[in-house]
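Got the viewer open? Here is a short tour, one selection at a time.

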Amino acid sequence: DYTLQINPESGTYNENHLDYFHFTGRVCGMAIYHKKLIDAFFIRSFYKMIVSRPITLKDMEAVDVELYNSIVYIKENDPEPLCLTFAINKTVFGEVLEEELKPGGSDIPVV
């Protein structure tokens with residue numbers, strides 16, 4: 001599947017990223033208004049946001065199946081043996097950074 005989604009690091013790569021989102025939104029709005037098709041497919045959660053529908057965990061499966069399966073596993077099983085905390089590692093420009101999901105999250109175990 002080929003789908004488009006917003007890169008959460010877009011502000012890091014380009015300081016004018018919000019202008020591009022604004023432009024893209026206008027193009028999509030004009031296409032909808034004039035009943036024209038655009039040869040682009042957005043992720044399901046993006047469409048749901050447009051029509052004010054709630055986004056569910058199941059919607060994440062279309063974005064990142066590995067992350068979705070991991071979350072489902074954690075929900076259905078005891079996460080304690082995995083030694084997880086409320087922090088994530090993410091790669092930005094080739095550098096791995098730890099980001100706490102809540103203050104002090106790297107010291108809080110997921111139970």
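A helix here means a DSSP run of at least four residues, coded H or I, and helices are numbered from the N terminus. With that in hand, keep in mind that this is a predicted model, and start by colouring it by confidence.

**Stop 1: confidence.** The protein averages a pLDDT of 88, and 99% of the residues score at least 70. Select helix H5 (residues 65-76) for the highest confidence, a mean of 93. Then jump to helix H1 (residues 10-13), where confidence is lowest, at a mean of 77.

**Stop 2: the loop between H2 and H3.** Pick Lys-35, which sits in the loop between helix H2 (17-33) and H3. Check its backbone: phi is near 55 degrees, a positive value in a residue that isn't glycine. Is Lys-35 buried or exposed? Lys-35 counts as exposed, because its relative accessibility is 75% and the cut-off is over 50%.

**Stop 3: the loop between H3 and H4.** Now go to Ser-52, in the loop between H3 and H4. Ser-52 also isn't glycine, yet has a positive phi, near 60 degrees. At 70% relative accessibility, Ser-52 counts as exposed. Select Val-51 too: it's in the loop between helix H3 (44-50) and helix H4 (57-60), and at 55% relative accessibility it counts as exposed.

**Stop 4: the nonpolar patch.** Keep Val-51 selected and add Tyr-2, Phe-41, Tyr-47 and Ile-50. Show the surface: together these residues make a nonpolar patch of about 560 Å².

Conventions. Residues numbered from 1 in each chain as written. Predicted model: local features only at pLDDT ≥ 70, side-chain atom pairs only at ≥ 80, totals over all residues. Heavy atoms only, no water. Patch = residues over 30% accessible without salt bridge, like charges linked within 9 Å, V, L, I, M, F, W, Y side chains within 5 Å. Areas by Shrake-Rupley, 256 points an atom, 1.4 Å probe, with all protein chains shown as cover. Salt bridge = Lys/Arg side-chain N within 4 Å of Asp/Glu carboxyl O. Helix = DSSP H or I, 4+ residues; strand = E, 2+ residues; numbered from the N terminus. Buried < 20%, exposed > 50% of the residue type's maximum accessible area, 1.4 Å probe, protein only. pLDDT = per-residue confidence, 0-100.
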